[in-house]
Amino acid sequence: MRACTTPVSVAVGKRVTTIEAMSGTRTGRAVQAAWDGRTTVPQCGYCQSGQNHERLLRAAAANSSLADTDIDAAMSGNICRCGTYNQIRAAIKDAAGQLQKGA
Ligand code: FES
C-alpha cells in the first residue's frame, strides 16, 4: 500500500507499519543502511514515504541478481521529482549484496 496515495481514512482500525519498523529485521536494516547510508537515495525527501515499500524492498533485497527492469517494475508508481532512480536501484542492489554476504 502506498502511503503517499492512501487516505488516512483507509487505515482506520488497521495496523500500520512505517519505514522505521524496518530496523527490526536484518533485511530492513540492510535496506536502511543502503538507502540512507552507503547510497544516499533521498534528495529532498518528498517521495520517500512512497518509495519505501517494505514488502517490495524486502523481496528485492533478498534477490541479488535483480535487473534494473525488475526493480523498476517493483517500484513503479512512485514518482521521484528529484530523479533518484539510479540511487534507488543502487541501494536495492547494495542491500541485496549485503544480505548475500551475511552482513
Ligand atoms: Fe525528492 Fe524523491 S527525493 S522527490
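Select helix H1, residues 26-38, and then add H5. In this predicted model, the two helices pack at an angle of about 135 degrees. Their axes lie 8 Å apart. How should the orientation of H1 and H5 be described? An angle over 145 degrees would count as roughly antiparallel, and 65 to 115 as roughly perpendicular. H1 and H5 fall in neither range, so they are oblique to each other. Their crossing is right-handed.

Now show the side chains where the two helices touch. On H1, pick Arg26, Thr27, Ala30, Val31, Ala34, Trp35 and Arg38. On H5, pick Ile88, Ala91, Ile92, Asp94, Ala95, Gln98 and Leu99. Colour these residues by class. You should find nine nonpolar, two polar and three charged residues in the contact of H1 with H5.

Next, keep H5 alone. Helix H5 covers residues 85-101, which makes 17 residues. Put a distance label between its end C-alpha atoms. They are 24 Å apart. Why does that agree with the expected span? At 1.5 Å a residue, counting one less than the number of residues, H5 should span 24 Å, so the two values agree.

Stay on H5 and look for what is hidden. Which residues of H5 are buried? Select Ile88, Arg89, Ala91, Ile92, Ala95, Ala96, Gln98 and Leu99. Several of these also touch H1, among them Ile88, Ala91 and Leu99.

Step just past the end of H5. Glycine 102 follows the helix. Its phi is positive, near 85 degrees.

Go back to the other helix. Select serine 23, in the segment before H1. Is serine 23 buried or exposed? Its relative accessible area is 36%. That lies between the 20% and 50% cut-offs, so serine 23 is partly exposed. Leave aside its neighbours within four places in sequence, and serine 23 is in contact with Arg29 and Gln32. Add alanine 33 to the selection. It sits ten residues from serine 23 along the chain, and their C-alpha atoms are 9.5 Å apart.

Finally, zoom out to the whole protein chain. How many helices and strands does it have? There are five helices and zero strands. Along the sequence, the pattern reads α-α-α-α-α. Colour the chain by burial. Of its 103 residues, 31% are buried. Then consider contacts with a separation of 6 or more along the chain. Residues 24 or more positions apart account for 69% of them.

Note on methods:
Residues numbered from 1 in each chain as written. Predicted model: local features only at pLDDT ≥ 70, side-chain atom pairs only at ≥ 80, totals over all residues. Heavy atoms only, no water. Helix = DSSP H or I, 4+ residues; strand = E, 2+ residues; numbered from the N terminus. Buried < 20%, exposed > 50% of the residue type's maximum accessible area, 1.4 Å probe, protein only. Axes fitted to C-alpha atoms, helices over the stretch in contact; angles between N-to-C directions. Parallel < 35°, antiparallel > 145°, perpendicular 65-115°, else oblique. Left-handed = near helix turned anticlockwise from the far one by under 90°. Contact = heavy atoms within 4.5 Å. Nonpolar A, V, L, I, M, F, W, Y, C, P; charged D, E, K, R; others polar.
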